[in-house]
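Open the structure in your viewer, keep the sequence panel beside it, and follow the stops below in order. At each stop, select the residues that are named and then look at what surrounds them.

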Amino acid sequence: MFLTLVFHCTRACDTLRVILSTFLPVIRENTDPWGACTIGVDVSREERQSKCLECKNWLLRIRCLPENPKMGTNLQQLQNMIVDI
């Protein structure tokens, strides 16, 4: 039971690490308040911004998770990636 929990936690952290390496710059760019300086209505940008804000909120929750010996250093590495979001 314990080994399957560690396996799933490791896989989840690995998957999130791959996702962050690809999409973290996009999330940062679209949640930047200075990046929204456009003239007129940009509906697609507003939708993108709201989705990125939701992702940012979830990432901030992950960043605030306490250390867990079951997850090892995987969670700590992810939290270090998210530190400057």
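Begin by selecting Asn68, which is found in the loop between α2 and α3, where helices (H or I, at least four residues) and strands (E, at least two) are DSSP runs, numbered from the N terminus. Asn68 is partly exposed, with a relative accessible area of 29%; on this scale buried means under 20% relative accessible area, exposed means over 50%, and partly exposed is in between, with a 1.4 Å probe and protein chains only. Add Ser50 to the selection and draw a line between the two C-alpha atoms: Asn68 and Ser50 are 18 residues apart in sequence and 31 Å apart in space.

Before you move on, keep in mind that this is a predicted model, in which local features need pLDDT of at least 70 and side-chain atom pairs count only at pLDDT 80 or more, while totals for chains, interfaces and linings use all residues. Residues are numbered from 1 along each chain as its sequence is written, and side-chain values use heavy atoms, with hydrogens and water left out.

Now colour the chain by pLDDT, which is the predictor's confidence in each residue, from 0 to 100. The mean pLDDT of the chain is 84, and 92% of its residues reach 70 or more. Among the elements of the chain, helix α2 (residues 43–63) has the highest mean pLDDT, 91, and helix α3 (residues 74–82) has the lowest, 84.

Next, select helix α3 and show its side chains. Which residues of α3 are buried? They are Asn74, Leu75, Leu78, Gln79 and Ile82. These residues lie on the same side of α3, because they cover an arc of only 135 degrees around the axis, the arc being that of the directions from the helix axis to the C-beta atoms. An α-helix has 3.6 residues a turn, so residues three or four places apart point the same way. If you now show the rest of the chain, you will find that α1 (2–31) and α2 are among what covers the buried residues of α3.

Stay in α3 and select Leu78, which is buried, with a relative accessible area of 1%. Not counting residues up to four places away in sequence, Leu78 touches Cys13, Leu16, Arg17 and Leu20, where contact means heavy atoms within 4.5 Å. Leu78 and Asp14 are 64 residues apart in sequence, yet their C-alpha atoms are 8.8 Å apart in space.

Follow that link to Asp14, which lies in helix α1 and is partly exposed, with a relative accessible area of 24%. From Asp14 to Gln77 the C-alpha distance is 10.0 Å, although 63 residues separate them in sequence. Then select Cys13, which also lies in helix α1; Cys13 is buried, with a relative accessible area of 4%. Cys13 and Thr73 are 60 residues apart in sequence and 9.8 Å apart in space, C-alpha to C-alpha.

Return to α3 for Gln79, which is found in this helix and is buried, with a relative accessible area of 12%. A polar atom of its side chain lies 2.9 Å from the backbone oxygen of Leu65, a polar contact being a pair of N or O atoms within 3.5 Å; within protein, one must be able to donate a hydrogen and the other to accept it, and residues adjacent in sequence count only if both atoms are side-chain atoms. Gln79 touches Ile62, Arg63, Cys64 and Leu65, not counting residues up to four places away in sequence.

For the last stop, select Thr31, which is found in helix α1. Is Thr31 buried or exposed? At 14% relative accessibility, Thr31 counts as buried. A polar atom of the Thr31 side chain lies 2.8 Å from the backbone oxygen of Ile27, and the backbone oxygen of Arg28 lies 3.4 Å from a polar atom of the Thr31 side chain. Beyond residues up to four places away in sequence, Thr31 touches Cys52, Leu53 and Lys56.
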